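Work through the exercises below with the sequence and the coordinates open. Each task is followed by a solution in steps.

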Amino acid sequence: MQLESLYQEIILDHYKHPHGRGLRDAADPADQVGEAHHVNPTCGDEVTVRVASDGETLHDVSYDGMGCSISQASASVLHELLTGRGAAEAFEVHEAFLALMSGRGQVTPDEDVLGDGVAFEGVARYPARVKCALLPWMAFKDAAARAGVGASPTEVKA
Amino acid sequence: MTTIAIPPGMPQYDEVPRYDVAAVRADFPILDREINGHPLVYLDSANTSHKPRQVLDVLAEHYARHNANVSRSVHTLGTEATEAYEGARAKIAAFINAPSVDEVVFTKNSTEAINIVAYAFSNASLRPDADPRFRLGPGDEIVISEMEHHSNIVPWQLLAERTGATLRWFPVTDHGRLDESGLTDLVNERTKIVSLVHMSNILGTVNATSRITARVREVGALLLLDCSQSVPHMPIDVVDLDADFIVFTGHKMCGPTGIGVLWGRTDLLAAMPPVLGGGSMIETVTMGGSTYAAPPARFEAGTPPIAEAVALGAAVDYLTSIGMRAIQWHEKQLTAYALDALGTVPGLRIFGPEVPVGRGGTISFALGDVHPHDVGQVLDSLGVQVRVGHHCARPVCTRFGVPATTRASCYLYTTTEEIDALVAGLERVRKVFR
């Protein structure tokens, strides 16, 4: 096994220096805010994702949690990729990330869509770790729905 | 250098039985494997143990030569299968020094064994004529501890919900020992059953049970010991232990999965109502009602895991041929070595006893703030197999303020070289997550 394919520098960097960590109140009081707390019962990883949106644009995707490098780096990447995006576009990215993670290493990610998310390509080859990477993304989906933003049409097969 | 002679009459270290670990390892085909280009270093025997050729051969031989259902056929194969199945029961009874073969009930695993006792309480509580020792209601108390595996927590929580009884527990000290300071209050005249782990699957602590047993007897309660982690690793004598029930599982003691044991005192098993109903557990059946077989059959409804039971008998033969005292001593030495070696790793914190006394060869730890999943992943890349997570003992993690731990556990085939590989692997983890 190539450990480096799992723990890419990008992932370790996001883990050690997370972007946008911490749950935030909506800057615009008119925004609807939704929050979801997800737990991975096998390892005890936890993440809370909060979405603030006017229904069209995701003004903030904030998060807090504790867990392994993969789950925490994934939350950081989620924040970076989706904050400020239009809802439709955000769900395209969401779908692309889910497709990458359920691809068992056979999906080539598009850097234009997934940005730093491409670093998780290696994780998809470790079935035991796919759930770690998906934890914040599944919490995001619920939080977005609670913030009144339409849900992603794709279910992941984990 | 001066050597201190141990005075005659004191235990002599060279009197301790020993065995050739390399020869033992040769019995386990899986130990030849390579993992990610490295020799397998298996430090997860508390999770499940490997199986020697002697057990694998018996399992295959049973299906190849003696396969038939048990306890219901007059034909030759049926007789052979029944003899093998009941022969395994006798081997297991002898292994734990059970006064009677009929005190050994085959189950699927320890979890099922505990559930049988819990549901026997539940069923007895619904019958006014049932043995009062098994009748539970509001005001009655069940006592467990904070260091239990979930399998010795959830069945009692469910039983308390069904009967209105109260669940109480022993706390755990900072050193990972059972806190017995509240014993007389915790175990009192309202207590109906105390169900405790003998050796913790996460902390490695081996609980000294004599004070608790004395108190249980004083108040007239029952005592169940979860011996899932002790029966595989040390000599267990149910007469010495003086419990009312013990449970253990085959796959942690060189046997197959799908087979476990409930041992109970004859009079208690006889007083317990059945739990699962079906074939083999009856005396007679009419459309109006049924009467039930005596134990152990009463608790073995349906076709049992026959080949698994037979192979567990072979596992017991194997362990006996090496000697449980010798295995216990081997693991004691390994534990001392591992605790010392892990103590040299910067930032490593051990959960549970840090001295090789009153503990077994299962060691949980944290490495700085690196998440156990990451520790386990890096170790796996070096062929080192450890368990990471909450080990089905989440209250212990909560007690020590961590979401998960990394756990290394030894068995009769574990070597000091494997401990060295673990320590080297932890250095690699520190480099990756520096």
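The exercises that follow concern a predicted model.

**Exercise 1. Helix packing in chain A**

Task: Determine how the axes of helix H2 (residues 9-16) and helix H3 (residues 69-82) of chain A are placed relative to each other, and which residues meet.

Solution:
- Step 1. Two packed helices are described by the angle between their axes and the distance between the axes.
- Step 2. For H2(A) and H3(A), the axes come within 8 Å and cross at roughly 85°.
- Step 3. Angles from 65 to 115 degrees count as roughly perpendicular, and H2(A) and H3(A) are therefore roughly perpendicular to each other.
- Step 4. From H2(A), the residues involved are A:Ile11, A:Leu12, A:His14 and A:Tyr15; they meet A:Ser69, A:Ile70, A:Gln72, A:Ala73, A:Ser76 and A:Val77 of H3(A).
- Step 5. Sorted by class, this contact has 6 nonpolar, 4 polar and no charged residues.

**Exercise 2. The contact between the chains**

Task: Find how many residues of chain B touch chain A, and which element of chain B gives the largest share.

Solution:
- Step 1. On the chain B side 13 residues are in contact with 12 residues of chain A.
- Step 2. Helix H12 (residues 372-381) of chain B supplies the largest share of the chain B side, 5 residues.
- Step 3. The classes on the chain B side are 5 nonpolar, 7 polar and 1 charged.

**Exercise 3. Two domains in chain B**

Task: Describe the division of chain B into domains and the side of domain 1 that touches domain 2.

Solution:
- Step 1. Domain 1 of chain B covers 14-43 + 323-432, and domain 2 covers 56-321.
- Step 2. Taken over C-alpha atoms, the centres of these domains of chain B are 28 Å apart.
- Step 3. In the contact, 23 residues of domain 1 of chain B meet 23 residues of domain 2.
- Step 4. On the domain 1 side, the elements giving two or more residues are helix H11 (324-343), strand S14 (362-367), helix H13 (394-399) and strand S17 (405-409) of chain B.
- Step 5. H11(B) gives the most, with 5 residues.
- Step 6. By class, the domain 1 side has 9 nonpolar, 9 polar and 5 charged residues.

**Exercise 4. The largest nonpolar core**

Task: Work out which residues of the largest nonpolar core touch the most other members, and why this core lies between the domains of chain B.

Solution:
- Step 1. The core has 168 residues, and A:Val51, B:Val261, B:Val310 and B:Ala315 touch the most other members.
- Step 2. Helix H10 (residues 306-322) of chain B gives the most to this core, with 12 residues.
- Step 3. Both domain 1 and domain 2 of chain B give residues to this core, so the core lies between them.
- Step 4. Leaving aside neighbours within four places in sequence, B:Ala315 is in contact with B:Val55, B:Gly250, B:Met253, B:Cys254 and B:Gly255.

**Exercise 5. Unusual backbone values**

Task: Check the backbone at B:Pro296, B:Asn36 and B:Asp242, and place each residue in chain B.

Solution:
- Step 1. Most residues other than glycine have a negative phi, and most peptide bonds are trans.
- Step 2. From B:Pro295 to B:Pro296 the peptide bond is cis, with omega near 5°. B:Pro296 sits in the loop between strand S12 (289-292) and H10 of chain B.
- Step 3. B:Asn36 is not a glycine, yet has a positive phi of about 50°. B:Asn36 lies in the loop between strand S1 (34-35) and strand S2 (38-39) of chain B, and counts as partly exposed with 13 C-beta neighbours inside 10 Å.
- Step 4. B:Asp242 has a positive phi near 55°. The loop between helix H8 (238-241) and strand S9 (245-249) of chain B holds B:Asp242, which is partly exposed, with 15 other C-beta atoms within 10 Å.

Terms used. Residues are numbered from 1 along each chain as its sequence is written. Chains are lettered from A and ligands numbered from 1 in the order in which they are written. This is a predicted model: local features need pLDDT of at least 70, side-chain atom pairs count only at pLDDT 80 or more; totals for chains, interfaces and linings use all residues. Axes are lines fitted to C-alpha atoms, for helices over the stretch in contact, and angles run from 0 to 180 degrees between N-to-C directions. Helices (H or I, at least four residues) and strands (E, at least two) are DSSP runs, numbered from the N terminus. Angles under 35 degrees count as roughly parallel, over 145 as roughly antiparallel, 65 to 115 as roughly perpendicular and the rest as oblique. Two residues are in contact if their C-beta atoms, placed from the backbone, lie within 7 Å. Ala, Val, Leu, Ile, Met, Phe, Trp, Tyr, Cys and Pro count as nonpolar, Asp, Glu, Lys and Arg as charged, and the others, Gly among them, as polar. Domain bounds come from an automatic or database domain assignment. A nonpolar core is a set of buried Ala, Val, Leu, Ile, Met, Phe, Trp, Tyr and Cys residues joined through C-beta atoms within 7 Å. A residue is buried if 20 or more other C-beta atoms lie within 10 Å of its own, exposed if 12 or fewer, and partly exposed in between; C-beta atoms are placed from the backbone.
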